[in-house]
Every structure is written in structure tokens, then in C-alpha cells.
Amino acid sequence: MATTTVDMTALSAQHTSEAANKRSRARHWAQWRLKAYGIAAIMLAALALGILISTVIVRATTVFYEYYISLDTMIEVAEGDRARLADPNPRVRVGLDKVTRTALLAKVERDLSRNERRDLGRLLSTDAGLELGDAVKADMGLIGQRYLYPALLDDEVQMYLKGAIGRLQDAGTAGPLELTEEGDEIRLSFEPGAMATAREVLAEQRGIKARAARAEVARQENAIAATRASLAAAAQAQAEEDEEGAETASLQSALDAFIARRDRARELAEALQAKSADPAAVFDLTGDDPSVLIRTSGGWLKLSELGPEDAKAAVMEPLSTFGEAEPGAWEAFYLARPEVSRNLNDRQIVWVETFKRMGFVFSSLNTRLLSSSDSSNAELAGIWGAMVGSFWTMIVTFCLAFPIGVMAAIYLEEFAPKNRLTDFIEVNINNLAAVSSIVFGLFGITVLITGVKLFDVQLFDGLLRAIIDDPRSTPLAGGFVLALMSLPTIIIAARASIRAVPPSIRDAALGIGASKLQTSTHHVLPLAMPGILTGSIIAMAQALGETAPLIIIGMNSFIQEAPSTPFDKGNVLPSLIYLWNNNSERLFDGKTAAAIVVLLIFLIAMNALAVLLRKRFERRW
């Protein structure tokens, strides 16, 4: 046999040549580039996740506490309400709203007009007396006694105290202040350096309005140009036809209107720009300007005009004295957000600030968020009902999906013959795992809720209605839909776990006389159970966060009571988040974020449980 000799010197020279070094550098560079891409992708994903979670948590922190006002109440209950208070049923509630509002009126030591009483009453939550009713119900001896009651403040007041509407800021308090009565108004005189910050804010606001007016001028110019072109075309067409029509007159009228609006906007822009640049300008304050408030002599004033050294103001709360206020005896504030763009007027803000300075307003941990159910009042809304609804829904989902999925997986892996039918079933199971969740919702509302009508025969209609009259919006119906959605995932995970059990386990069991059923249930299934549980928990976590199928079957209704059984009307956390996110009240923004945080905690806990189970029971064959 011929032998082949290898010239090692030539081979070594080939591997150490410049071309070989170049190829080696290219491979190392490609490997480094791949690693860099992977690290960059992980860092980008971590950054996005960090931004998302931090944003949600920051928004949620605003509802972790809430504000109350201490009211010294005299509890007086009508005879009809006494009987209701004596009812042991906790759902029978008596809101002593009149008692709380009477105690709040007593804090303002003057006679109020009807509108002022209404504005003052709106500082309290709509159902501020419910908790007082609960306290009296627990201790009937409080009737006829004085009681220091912490009344919950309205959601708009809550948002103001948390800074969402804005805060009172120093407007430039400096030097003495001279107060002079002039009819219904108060004339204020101060040093030139005082109120400088307020003047800067007003000048800046005039500049913003001037830019908006110039933008309006540009829009009117475009409209004028387009109308003139249309007018010229119409005039030419009418001249060729030798007739006069109404179109030209209409276009001319529209052109005149555009020109008039442009001229007014231009004059306004010039006036606002001149006032914003004039250091000696006198600003007239209206409802769409930042509010400027003065606190002195035990009262409050609101400026209606502000000059370099003087101002005019209306009385918000009466002053004890007039004349000169020494430096430090008065304060000037401004609130950047205009009064017309907020639900709290300046008088209500003055009352809130007064009560806060007197120590009546205090904050407390918001346990209501976790102990109350949904409510139309943002300050009273909580997630307890949705949490209970999610619990019952997950119980129904697990009880249906887990046994059916595991039995299907055992049959397909251990007993089903390999033919076209089982291949067709396997393909469809894999396809169902990738189907959008909303499809399962449509299936649920078609089959389980409304039924399917074929040949005048109602099919499936009695499936749930045999248990409950109206399954819509119940955890039972939601559990059915989510079980259908989770089944493919559980079957696939269970089959993979069963397939991972070594064949030697089966052979050993069959060798000692066990039947195939005993082999599957006594040996294969227990060994595969850790993997099955892991896959099932992941499927349940996915189902817990689903919203679309549950909204389709009606689990987005306004329900104030937590469901006590799977057959009661209920809501779930994802649907509640959807409802709150579409609510216009600003306090619901923070509560939506808080509900998202709670949902994330449950999802993370369920996934962590899956990881722990896998690590705890993992076996290496």
C-alpha cells in the first residue's frame, strides 16, 4: 500500500502565513461582533424593561397614600337610619354624608353663599360618610356623641395635594405690602422688586399666546390664498358663460371673514408680544391665566390686575385687618395651571391650603386599594374584587385545563397509534398554541355564551346555563375560555416532559409485570410531573394576564362586589386595568399603574414558582 508523506514544513508555513493570520483575525472579529450584538440586545431589552417597570412604579406611588381631613362631628342619626344601622348585614350601609359636610362647614368661620357651600362640600369624597356609618354601626353608642372622624377627600383634591395639578409657588414675596379698600376690590401697593416671579410667569404666558396667535395668522393666510384662487377660478368660469352666480358672492363673503380673522389674530399677537416684552406692562388676569394669590391678615386675595408696583385683587377669604403688612407677614403665590383647565377652582384651593396649614389635612397609607372593589369614585376604587375574580377564574381554568391536558398528553405519547389521525391532531394542537387569544374569546361567546343554532336546534346553550342562568361576566365562563386557550400549551409541555422520561423506566416496569396503564400512571407520570407542573404554571401565568378573550365574553363590566363563588358576576385584574385606563379621572391613572404592579407581582411569582419547581425536582438521566 502506497504511503503519503506530508511536508510539515509547508503545512506549518501555510498555517502561519499572512493569509492564515488574516482569516484567523476575521474569525475572531466575527466572533467578537456576534458577542457584542448579543450583549447589546440584552442590554437594550433590560433598558426597555427597566424604563417600563420604573415608569409604572413611579406612577403607582401616587396612590399608595391618600389624604383625609379631620372633622369634629356630632353624630346625629334619623330614626329610619337607626334601624338600618342595627341591621347585622354588612352590605346594609348608611352614609352619614350630611354629618360630615356639616362638620366641614363649621371649619369655615363665616356665612357661605349657596355656591360656596357647594364648592366646599365638593372637597369631600362623594361617599365620605360611608366609613363613618360603618364606625357607628360597629358602636351604636357613638350616636349623640362628638367623634373625631377622618373624612376622605375628593379625588381632585387628592391629585392637587399630590402635585398632579400643580403646586402653589412663591410669586416674589419681598418687602412690605400696603392694602387699601376700593369698593369691592382691594388695592395693593408693594416695592418694585416684589411680585417679580409672577410678572415673569405672566410675561412668558403672554409670549406663548402671541405665538399661538401668529400660528392662527398663518392658518388664515393659507385660507385666504386658497379662497382667492377659488374666487378667481369661479369669476373666470362665470365670465366665459356670461352669467353671474351665487358662488362668487359666497366665496367673497368667506374671503372677507378670513381676512377679518387674520387681522384680529395679528393685532392680538402684536399686543401680546408687546406686553410680554414691556417691563412696565400691566397684566389683566383672567381665567385662562396663571392664578396669583396673596395670603395676609388671616385671609386670601386673588389678583385681577398686576402692575410693576401695584395690583388689584378680589377677596377670597376675609382679612382681619387692612393697612400695611410688614415683610414676612404676607405671602404671594402663583399656580401655573389656569383655573379654566382644572376642576378645582381657586377658592377650593385656598380652603385646602388653609386646612392644610391648620393641621387638619393629613396623609395615610392607602389600604383601600387592596381592600375595596371597583367604584365610580376614583378615591374609593380598589382591586380586591378583581383579585378575587382572577382567583376564581384561575381555579376554574386549572381544574379544566390541567387534567384534560395531562390526560391528552399521556394518551398521545403512550397509547395513541401513529397514523394520519394522530398526526392531524398533533398539528392542530401546535397550531392552536399559536392562535391569537381573541379567537378563543370569539369562540367562547359564540359557543358558551350565546350558543350555536343549527337547524333550529340550540347547541351548547345549556352547557353553562344548566349551572347558572346567565354565564356572561362570571369567572366560570372566563375559566372555560382561558382553559381552552391554555390547553395546547399544557399538552405540549406535558408531552415534552413525558417524552423526556428514559425508555428504560418503561421497560423496567413492564419487565416486572406492570400493565401499560400502570407503567404510565405509576412510573412515567410521577417522573414527568415536575416538567408538567412547570409548563402548566407558565400557561396559567399567561392566562392570568390575558385581557382580550375576557373582554369579549363581557368580563369588563362595572361590578362593585367581589364574587363569592365562580357563579357570581365578577371582574379580573387585566379587564379592570383596561377599564381604569379608559377612565377620564386623573386619579385612575395612578390606580391603573398600581393594578399593573400587582398583576406583575403575581406573574413574576408564578414564573418564579415554575423555575423553583423545575430546579427542585429536576432529574438528570
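**Exercise 1. Salt bridges in the predicted model**

Task: State which residues are linked in a network of salt bridges, and determine how many salt bridges the structure holds.

Solution.
Step 1. A network of salt bridges links Glu413, Lys418, Glu426, Arg495 and Arg499. The model in which this network appears is a predicted one.
Step 2. In total, 25 salt bridges are present in the structure.

**Exercise 2. Pairs that join distant parts of the sequence**

Task: For the salt bridges Arg110 with Glu317, Arg187 with Asp310 and Lys302 with Glu339, give the N to O distance, the location of each partner and its degree of burial.

Solution.
Step 1. In the pair Arg110 and Glu317, the closest N and O atoms are 2.8 Å apart. Arg110 belongs to the loop between H4 and H5, while Glu317 is part of strand S9 (residues 310-317); the pair therefore ties together parts that are 207 residues apart in sequence.
Step 2. The relative accessibility of Arg110 is 24%, so Arg110 counts as partly exposed. Glu317 has 10% and therefore counts as buried, the limit for burial being under 20%.
Step 3. Arg187 and Asp310 meet through their side chains at 3.3 Å, N to O. Since Arg187 is in strand S5 (residues 185-190) and Asp310 in strand S9, this salt bridge ties together parts that are 123 residues apart in sequence.
Step 4. Arg187, at 18% relative accessibility, counts as buried, whereas Asp310, at 29%, counts as partly exposed.
Step 5. For Lys302 and Glu339 the N to O distance is 2.9 Å. Lys302 is in strand S8 (residues 299-306) and Glu339 in the loop between strand S11 (330-335) and H10, so the parts tied together are 37 residues apart in sequence.
Step 6. Lys302 is partly exposed, with a relative accessible area of 21%; Glu339 is partly exposed as well, with 22%.

**Exercise 3. The faces of helix H4**

Task: Identify the buried residues of helix H4 (residues 97-107) and explain why they line one face of the helix.

Solution.
Step 1. The buried residues of H4 are Val99, Thr100, Ala103, Leu104 and Lys107.
Step 2. Viewed down the axis of H4, these buried residues fall within an arc of 135°, and they therefore line one face of the helix.
Step 3. On the other side of H4, the exposed residues are Lys98 and Ala106.
Step 4. The cover over the buried residues of H4 includes strands S1 (65-74) and S2 (146-152), together with helices H5 (114-121), H6 (130-138) and H10 (346-357).

**Exercise 4. A buried charge in helix H10**

Task: Determine where Glu353 is placed, which side chain of opposite charge is nearest to Glu353, and which residues Glu353 touches.

Solution.
Step 1. Glu353 is located in helix H10, one of the elements that cover the buried residues of H4.
Step 2. Although buried, Glu353 has no salt bridge; Arg357 is the nearest side chain of opposite charge, at 4.2 Å. A salt bridge requires a nitrogen to oxygen distance within 4 Å.
Step 3. Leaving aside residues up to four places away in sequence, Glu353 touches Tyr160, Leu168 and Trp300.

**Exercise 5. Packing of two helices**

Task: Describe how helix H12 (residues 384-415) and helix H20 (residues 573-581) pack.

Solution.
Step 1. The two helices, H12 and H20, pack at an angle of about 145°, and their axes are 8 Å apart.
Step 2. H12 contributes Ala386, Met387 and Ser390 to the contact, and H20 contributes Leu573, Pro574 and Leu576.
Step 3. Of the residues in the contact of H12 with H20, five are nonpolar, one is polar and none is charged.

How values were computed. Residues numbered from 1 in each chain as written. Predicted model: local features only at pLDDT ≥ 70, side-chain atom pairs only at ≥ 80, totals over all residues. Heavy atoms only, no water. Buried < 20%, exposed > 50% of the residue type's maximum accessible area, 1.4 Å probe, protein only. Helix = DSSP H or I, 4+ residues; strand = E, 2+ residues; numbered from the N terminus. Arc of directions from axis to C-beta. Contact = heavy atoms within 4.5 Å. Lys, Arg positive; Asp, Glu negative; His and termini not counted. Axes fitted to C-alpha atoms, helices over the stretch in contact; angles between N-to-C directions. Nonpolar A, V, L, I, M, F, W, Y, C, P; charged D, E, K, R; others polar.
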